[in-house]
Amino acid sequence: MPKVTQLLFDCDNTLVLSEELAFEACAELSNEMLEKHNISDRYTGPGLMTTFVGQNFRGVVTGLQQKHGFKLSDDEVDTYVSRELGKVIETLEAKAEPCVGVTPVLEELYKDQKYGLAVVSSSALSRVQASVKKVGQDKFFPPDHIFSAATSLPVPTTKPDPAIYLHACKVIGKEPGECVAVEDSKSGTLSAVRAGIPTVGYVGSYGGVIKQKEMAEVLKEAGVKVIMDDWSQFMDCLAKIEAM
């Protein structure tokens, strides 16, 4: 494979423990939609996260409409997406924390300057920026190398669509084979793999050994090259991919 010169990190629950915080806000608005359409089902944050992990709220709204058989206008979707973003950013700015062990790894990578560093997320750009800033990771990434499937593309999308990874590669000036991605979800992994990017599957943010093993199998099936359950393993995982 070509020499790896660029690392592409997912944000939510890969760099920043933000997914559970975000899905609490998502659940509140999702239940509002269901009630408005006289649908009795309700979601908790963890329940919504189990179904839609790795997708942005626009993707969640699309999935809810398909699953429960209701239809929102484009303007209604845009309004809900805007409301969700405000709620999530407020929560992240107050409560977000880095994933365990990731900051020292980023510090080492940033210091060595061997690889370019970028963030590639499904979430809205302002949310990603707020997340990495809150935990002090913004200094590691050039501002124009933080990418959002919801914001950075001409037409908003969400992972598992590979469009955001392909866009990031184009902007940075790298071929997919020169990059390695790090993802924690099936949708994120499929996005990177479909873009032709070798991917590390990170399961350390999932609670408990049993859940981590389950997700490791899910990510392997989605196409990751190696599994990492702790950030202390990252350099070894990267070396394994580089040796392939």
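In this predicted model, Phe9 has Val182 of strand β6 as its bridge partner. The pairing of β1 with β6 is parallel and comprises 4 bridges. These two strands belong to an open sheet of 6 strands. The briefing below covers the sheet, the nonpolar cores, three helices and the salt bridges.

**Sheet**

- The strand order of the open sheet is β5-β4-β1-β6-β7-β8, and the pairing is parallel.
- Strands β5 (146-148) and β8 (226-228) stand at the edges with a single partner strand each, so one side of each has no neighbour in the sheet.
- From one strand to the next, the twist averages 25 degrees.
- In general, the strands of a sheet pair through backbone hydrogen bonds, in either a parallel or an antiparallel manner.

**Helices on the sheet**

- Helix α7 lies across β1, β4, β5 and β6, and runs at about 150 degrees to β5.
- Helix α9 also packs on the sheet, where it touches β6, β7 and β8. The direction of α9 makes about 150 degrees with that of β8.

**Nonpolar cores**

- The largest nonpolar core contains 36 residues. Those with the most contacts inside this core are Leu7, Phe9, Phe141, Trp231 and Phe234.
- Once neighbours within four places in sequence are set aside, Trp231 is in contact with Phe9, Thr14, Cys99, Val100, Gly101, Val102, Val105, Val182 and Tyr202. Both members of the Phe9 and Val182 bridge pair are therefore among the contacts of Trp231, as the cut-off for contact is heavy atoms within 4.5 Å.
- A second core, separate from the largest one, has 27 residues, including Leu48, Met49, Val53 and Val203.
- Nonpolar side chains tend to be buried together in soluble globular proteins.

**Helix α5**

- Helix α5 spans residues 102-112, and its buried residues are Val102, Thr103, Val105, Leu106 and Leu109. These residues lie on the same side of α5 because they cover an arc of only 160 degrees around the axis.
- Pro104 and Lys111 are exposed, and they sit on the face of α5 turned away from its buried side.
- The packing partners of the buried residues of α5 are β1, β3 (97-98), β4 (116-121) and α10 (234-242).
- Gln113 follows α5 and has a positive phi, near 60 degrees.

**Helix α8**

- In helix α8 (residues 186-194), the buried residues are Ser187, Gly188, Thr189, Leu190, Ser191 and Ala192.
- These buried residues pack against two helices, α7 (163-172) and α9 (209-222), and two strands, β6 (179-183) and β7 (199-202).
- Gly196, just after α8, adopts a positive phi of about 85 degrees.

**Salt bridges**

- The structure holds 10 salt bridges.
- Arg127 and Asp12 meet through their side chains in one of them, at 2.9 Å from N to O. This pair links distant parts of the chain, 115 residues apart: Arg127 is in helix α6 (residues 125-134), and Asp12 is in the loop between β1 (6-9) and β2 (16-17). Arg127 and Asp12 are both buried.
- Arg127 also forms a salt bridge with Glu19, in which the closest N and O atoms are 3.8 Å apart. Glu19 belongs to helix α1 (residues 19-36) and Arg127 to helix α6, so this pair ties together parts 108 residues apart in sequence.
- Glu19 has a relative accessibility of 3% and therefore counts as buried. Beyond its neighbours within four places in sequence, Glu19 is in contact with Asp12, Asn13, Met49, Val53, Gly54 and Arg127. Two of these contacts, Met49 and Val53, are included in the second core.
- Lys87 and Glu28 form a salt bridge through their side chains (3.1 Å, N to O). Lys87 lies in helix α4 (residues 74-95) and Glu28 in helix α1, so the pair ties together parts 59 residues apart in sequence. Both residues are partly exposed: the relative accessible area is 29% for Lys87 and 46% for Glu28.
- Asp12, Glu19, Glu84 and Arg127 are joined into one network by salt bridges that share partners.

Conventions. Residues numbered from 1 in each chain as written. Predicted model: local features only at pLDDT ≥ 70, side-chain atom pairs only at ≥ 80, totals over all residues. Heavy atoms only, no water. Buried < 20%, exposed > 50% of the residue type's maximum accessible area, 1.4 Å probe, protein only. Salt bridge = Lys/Arg side-chain N within 4 Å of Asp/Glu carboxyl O. Core = buried A, V, L, I, M, F, W, Y, C linked by side-chain atoms within 4.5 Å. Arc of directions from axis to C-beta. Pairing = 2+ DSSP bridges. Axes fitted to C-alpha atoms, helices over the stretch in contact; angles between N-to-C directions.
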